[in-house]
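Reader: I have just opened this one and have not looked at it before. Could you walk me through it while I ask things as they come up?

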Amino acid sequence: MKTCVVLFGIIGVTLWGAPVWAESVPLKPGEYQVTAVTDASNGEAGKPDSRTRCVKEEHLANPAAVFNYYAVNGFQPNPSNKVLNVSIQGGKVSYDIEGVYAVTRVEGTVSSTGFAVVRKATPKGDHALSVTMKVDAKRTGDCPGK
């Protein structure tokens with residue numbers, strides 16, 4: 001149980017960063033089926049979790065808001081995190097999020113109708129767990145209410 005608390009603490013701290021880039025995400029706005037699987041460095045593996053999410057035009061200016069599974073739950077960005085080294089080109093995306101307790105590297109692929117990224121959070125402390133989250137999303141149609 002203690003491992004789960006530490007695991008979710010690292011994930012929560014490293015999820016978002018302040019927008020500091022000019023590149024926008026080349027996804028088509030709409031409803032997406034998003035699936036995530038989390039693994040920890042101690043060998044604990046999570047089960048796939050899937051939810052739907054409406055990706056709006058305004059989300060596309062912030063890669064950390066798009067390539068983040070917890071956005072489906074309304075998670076708010078941590079203003080002290082810094083997003084660095086953003087690259088979105090040729091169907092590939094990568095960037096780093098530097099947080100207080102961990103550095104997260106995000107790498108993957110993106111198209112107009114989906115993405116697949118791996119988010120690897122490496123703690124800054126000696127006794128914390130590294131956490132890897134694989135996030136996949138596929139566009140399923142327009143957002144409800146449109």
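Author: What follows goes from the overall layout to the sheet, the core and the cross-links.

Author: Before we begin, this is a predicted model, in which local features need pLDDT of at least 70 and side-chain atom pairs count only at pLDDT 80 or more, while totals for chains, interfaces and linings use all residues. Residues are numbered from 1 along each chain as its sequence is written, and side-chain values use heavy atoms, with hydrogens and water left out.

Reader: OK, how many helices and strands are there in the protein?

Author: The protein has two helices and seven strands, where helices (H or I, at least four residues) and strands (E, at least two) are DSSP runs numbered from the N terminus. Along the sequence they follow the pattern α-β-β-α-β-β-β-β-β.

Reader: And in what order do the strands sit in the sheet?

Author: The order is β2-β1-β7-β6-β5-β4-β3, in an open sheet of seven strands with antiparallel pairing; two strands pair if DSSP finds at least two bridges between them. β2 (49–55) and β3 stand at the edges with a single partner strand each, so one side of each is left without a neighbour in the sheet.

Reader: Which pairing could I look at up close, say for β1 and β7?

Author: β1 and β7 pair in the antiparallel sense over ten bridges, and in that region V37 stands opposite K134 in β7.

Reader: Changing topic, which residues have the most contacts inside the largest nonpolar core?

Author: They are V25, L27, F67, Y95, F115 and V135, in a core of 25 residues. A nonpolar core here is a set of buried Ala, Val, Leu, Ile, Met, Phe, Trp, Tyr and Cys residues joined through side-chain atoms within 4.5 Å, and buried means under 20% relative accessible area, with exposed over 50% and partly exposed in between (1.4 Å probe, protein chains only). Among the elements that each supply at least two residues of this core are β1 (30–40), α2, β5 (102–110) and β7 (131–141).

Reader: What does Y95 touch, then?

Author: Leaving aside neighbours within four places in sequence, Y95 is in contact (heavy atoms within 4.5 Å) with several residues, including P63, A64, F67, V83, T104 and R119.

Reader: F67 has come up twice now; what kind of pair does F67 make with F115?

Author: A search of the whole structure finds one aromatic pair, and the ring centres of F67 and F115 are 4.9 Å apart with planes at 90°, so the pair is edge-to-face. Rings of Phe, Tyr and Trp (its six-membered ring) pair if their centres lie within 6.5 Å, and planes under 30 degrees apart count as stacked, over 60 as edge-to-face and the rest as tilted. F67 lies in the loop between α2 (63–66) and β3 (82–89) and F115 in strand β6 (residues 114–123), so the pair ties together parts 48 residues apart in sequence.

Reader: Is F67 buried or exposed?

Author: F67 counts as buried, at 0% relative accessibility, and F115 counts as buried at 5%.

Reader: Last one: which residues does the disulfide join?

Author: The disulfide, meaning a pair of cysteine sulfur atoms within 2.5 Å, joins C54 to C143 with an S to S distance of 1.9 Å. C54 lies in strand β2 and C143 in the segment after β7, so the pair ties together parts 89 residues apart in sequence. C54 counts as partly exposed at 26% relative accessibility, whereas C143 is buried, with a relative accessible area of 6%.
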